[in-house]
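Open the model in your viewer and keep the sequence beside it. The stops below say what to select next and what is there.

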Amino acid sequence: MLSAATPDVTTAAARLRALLGDRLYEPGDPGFVTTTRLWNGAVDRAPVLVAQCLNGDEVADAVRIATRCHLPLSVRSGGHDWAGRALRDGGLVLDLTGLRDVRVDPDAATVTIGGGATAADLLAAARLHDLVVPTGVVRDVGMAGLTLAGGYGPLCGRFGLALDNLLGAEVVLADGRRVTADPDHDAELYWALRGGGGNLGVVTELRFRAHRLPAVLAGMIMFALAEAPAVLRGYGALIAEAPDELTVMAGFLPGPAAEPVVFVCPFYSGPDLDAGSPWLDRLRALGTPLVDQIAPMPYAEALRMFDGGMVDGNHYLLRTRWLPALTDGAVDALVDAARRVSSPFSALALHHFHGAATRVRLADTAFGLRSDHLLTEIIAVWAPGEQSAPHREWAERTSAALAPHALPGGYPNLLAPEETDRVRLAYGTNWRRLRRAKRHYDPRDLLTAVPTLPSSGHPR
């Protein structure tokens, strides 16, 4: 466990200033506010120093300084961790937003990115070669945080999770050593990184397998709330038959009249986009569409439909469940939640896990669930200054209503810091091996990133 010695902020600041110059930020510095700003405005943490690093050597030196000066450590990359684990009270923040280089090797079909690169950074460079890497749906999310814990997204059925495409990583360990993790170098660390989150080390570079994909057939179909039960039941039946090339999100989004609308969002990624049309026609036939915007387009452009959907600075609280199927009970719980929504900004999302992602052996990565399922996001959103209680109650009530229909555990990237028991269930048979890796690579619990793993002293 991290030493209980008194943090020596003064010495740490002096050493980091010598290392980084004006890229060290302290409270009161103009850059401090920028480098501690997160997507979720509800996060209220008070770090004491921010080290804006530009390469792996600087990260390694900063980690050593934090250890010697007994400072808690956190890592800020994309800044989209809803629970605020990118910031620690009284701690040093490693700001990796300066590590955003992207290198594409079209001949080898690989993309190498810095630890601070976002999905948008990666896709913009890869698009020049008609290549893609599986990402989530939000372009501003950091690829490191997304990948290390999983990486659900619209290409899941054809190419797997983001972590299934991780070929290797450069990592700074808790003792400041820089190491390579891939199948031929520190294979155990490579195993643990793919699903174990940022708890094993600070990832400064990631190398991905890329896939040729000039375009997808994608877009949004929306229906009135009154049609939601029939739409969701039809959606559940359709995805049970869907080919690998078709991954379909669904859920509820804020509508123009302050009433939620039910949506389905297909991504067809097969080589012949026309082959996806019959599937999309079936989605349209689930009800009477209010919006029907489907077209062939580059994958990176298709993700723009989610831009601005969740505004930076609003207050957020997330809950999550893994649904093995959309049973009648699960549909009823989701529709009831949409009808009772506490805020016009809140949403529910179902992420479709199938195909290629299910054919990875459970023991091959730390990720703990490889059967078909739907990742449910319960997203409570409210404006700054509003009371949080009604929105928290809505999210908790929805989560409880879905629990009888859900699998154990849940997606670790979305579990709350206090949900340690569900994290353990999420990893299933991989749990003990992941705990051993944590004790080996970070025995003093310097890192407490997503997902929340108990300290080394926690019962096994």
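Select Ala250 and Leu350: the bridge partner of Ala250 in strand E17 is Leu350. The model you are looking at is predicted. Now show strand E13, residues 246-253, together with E17; the two run antiparallel and are joined by three bridges.

Add strand E18, residues 373-382, to the selection. E18 also runs antiparallel to E17, and seven bridges join these two strands. For one position to check, find Ala347, which stands opposite Ile379 in E18.

Keep E17 and show its side chains. How many of the residues in strand E17 are buried? Seven of its seven residues are, so the strand, which spans 347-353, counts as mostly covered. In a regular strand, side chains alternate between the two faces of the sheet. In E17, Ala347, Ala349, His351 and Phe353 point one way. Leu348, Leu350 and His352 point the other way, and the residues of both sets are buried.

Next, select residues 187-196, which form helix H7. Eight of its ten residues are buried, so the rest of the structure largely encloses this helix. The buried ones are Leu189, Tyr190, Trp191, Ala192, Leu193, Arg194, Gly195 and Gly196.

To see what covers H7, show its surroundings. Its buried residues pack against three helices and three strands: H5 (143-149), H13 (420-427) and H14 (431-441), and E8 (166-172), E9 (178-181) and E10 (202-209). Then step past the end of the helix to Gly197, which follows H7 and has a positive phi, near 75 degrees.

Now select the cysteines. A disulfide is a covalent bond between the sulfur atoms of two cysteines. How many disulfides does the count give? It comes to zero. Start with Cys53: its closest cysteine sulfur belongs to Cys69 and is 15 Å away, which is too far for a bond. Cys53 counts as buried because its relative accessibility is 0%. Move on to Cys156, which is in no disulfide either; the nearest cysteine sulfur, in Cys265, is 14 Å away. Cys156 has 1% relative accessibility and therefore counts as buried.

The last stops are charged pairs. Side chains of opposite charge can pair when their charged atoms come close. The structure holds 29 salt bridges.

Select Arg282 and Glu241, whose closest N and O atoms are 3.2 Å apart in a salt bridge. Arg282 sits in helix H9 (residues 277-284), while Glu241 is in the loop between helix H8 (228-239) and E13, so the pair ties together parts that are 41 residues apart in sequence. Arg282 is partly exposed, with a relative accessible area of 36%. Glu241 is partly exposed too, at 47%.

Go on to Arg340 and Asp336, which form a salt bridge with the closest N and O atoms 2.9 Å apart. Are these two side chains buried or partly exposed? Arg340 is partly exposed at 49% relative accessible area, and Asp336 is partly exposed at 33%.

Finish with Asp307 and Arg304. Their salt bridge has its closest N and O atoms 3.9 Å apart. Asp307 is partly exposed, with a relative accessible area of 38%, and Arg304 is partly exposed at 40%. Widen the selection to Arg127, Arg139 and Glu301: these residues are linked with Arg304 and Asp307 in a network of salt bridges.

Note on methods. Residues numbered from 1 in each chain as written. Predicted model: local features only at pLDDT ≥ 70, side-chain atom pairs only at ≥ 80, totals over all residues. Heavy atoms only, no water. Buried < 20%, exposed > 50% of the residue type's maximum accessible area, 1.4 Å probe, protein only. Helix = DSSP H or I, 4+ residues; strand = E, 2+ residues; numbered from the N terminus. Contact = heavy atoms within 4.5 Å. Disulfide = S-S within 2.5 Å. Pairing = 2+ DSSP bridges. Salt bridge = Lys/Arg side-chain N within 4 Å of Asp/Glu carboxyl O.
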